[in-house]
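Thanks for making time this morning; I would like to walk you through one model, beginning with a stretch of its surface and then moving outwards to the chain as a whole.

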Amino acid sequence: NNNNNNNNNNTSLSTPPPPSSPYSLAISQQDSIIDELAGGLSRLKTQSRAMNDEASMHLNLLHGMDDRIDHTHATLGQNSDTIRRQQTHGSCAIWKLQIVVAGLSVSLVLLVLLGLV
């Protein structure tokens with residue numbers, strides 16, 4: 001009797017149900033839902049790859065920008081040092097000119113006084 005039940009179970013699993021049964025309708029609906037899910041997953045995979053490519057591109061742009069900012073910062077530091085040196089040198093030159101002008105003024109005053117006396 002047990003053998004007979006096992007044989008009935010095996011045959012019911014291996015033979016498809018008739019097309020109009022509720023079981024076949026449920027299987028058909030499940031297949032349809034699985035197909036929709038597979039399509040959705042495929043679209044999601046495509047979108048996620050596109051997003052990854054976009055993020056990689058932005059990351060490369062940011063790295064390039066970071067490199068250019070570092071270069072600009074270094075150049076600005078060098079230029080600032082140069083400007084400071086020129087300003088220091090320029091202020092020394094102004095003092096030198098002022099001393100020369102004062103000396104010439106004193107000389108002119110002395111020459112005028114010596115010439116008039």
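On the surface, Leu-62, Met-65 and Ile-69 form a nonpolar patch, together offering about 300 Å² of accessible area, where areas come from the Shrake-Rupley method with a 1.4 Å probe and, for residues, only the protein chains shown count as cover. A patch here takes residues with over 30% relative accessible area and no salt bridge, joining like charges within 9 Å and nonpolar side chains (Val, Leu, Ile, Met, Phe, Trp, Tyr) within 5 Å. This is a predicted model, in which local features need pLDDT of at least 70 and side-chain atom pairs count only at pLDDT 80 or more, while totals for chains, interfaces and linings use all residues. Residues are numbered from 1 along each chain as its sequence is written, and side-chain values use heavy atoms, leaving out hydrogens and water.

Ile-69 sits in helix α2, residues 22-116, and is partly exposed at 49% relative accessible area, the class between buried (under 20%) and exposed (over 50%).

Helix α2 also holds Asp-81 and Arg-84, 3 residues or about one turn apart, and these two form a salt bridge with closest N and O atoms 2.9 Å apart, the criterion being a side-chain nitrogen of Lys or Arg within 4 Å of a carboxyl oxygen of Asp or Glu.

As for the whole chain, it has 2 helices and 0 strands, taken as DSSP runs (H or I, at least four residues; E, at least two), and 2% of its 117 residues count as buried.

Technical notes:
Buried < 20%, exposed > 50% of the residue type's maximum accessible area, 1.4 Å probe, protein only.
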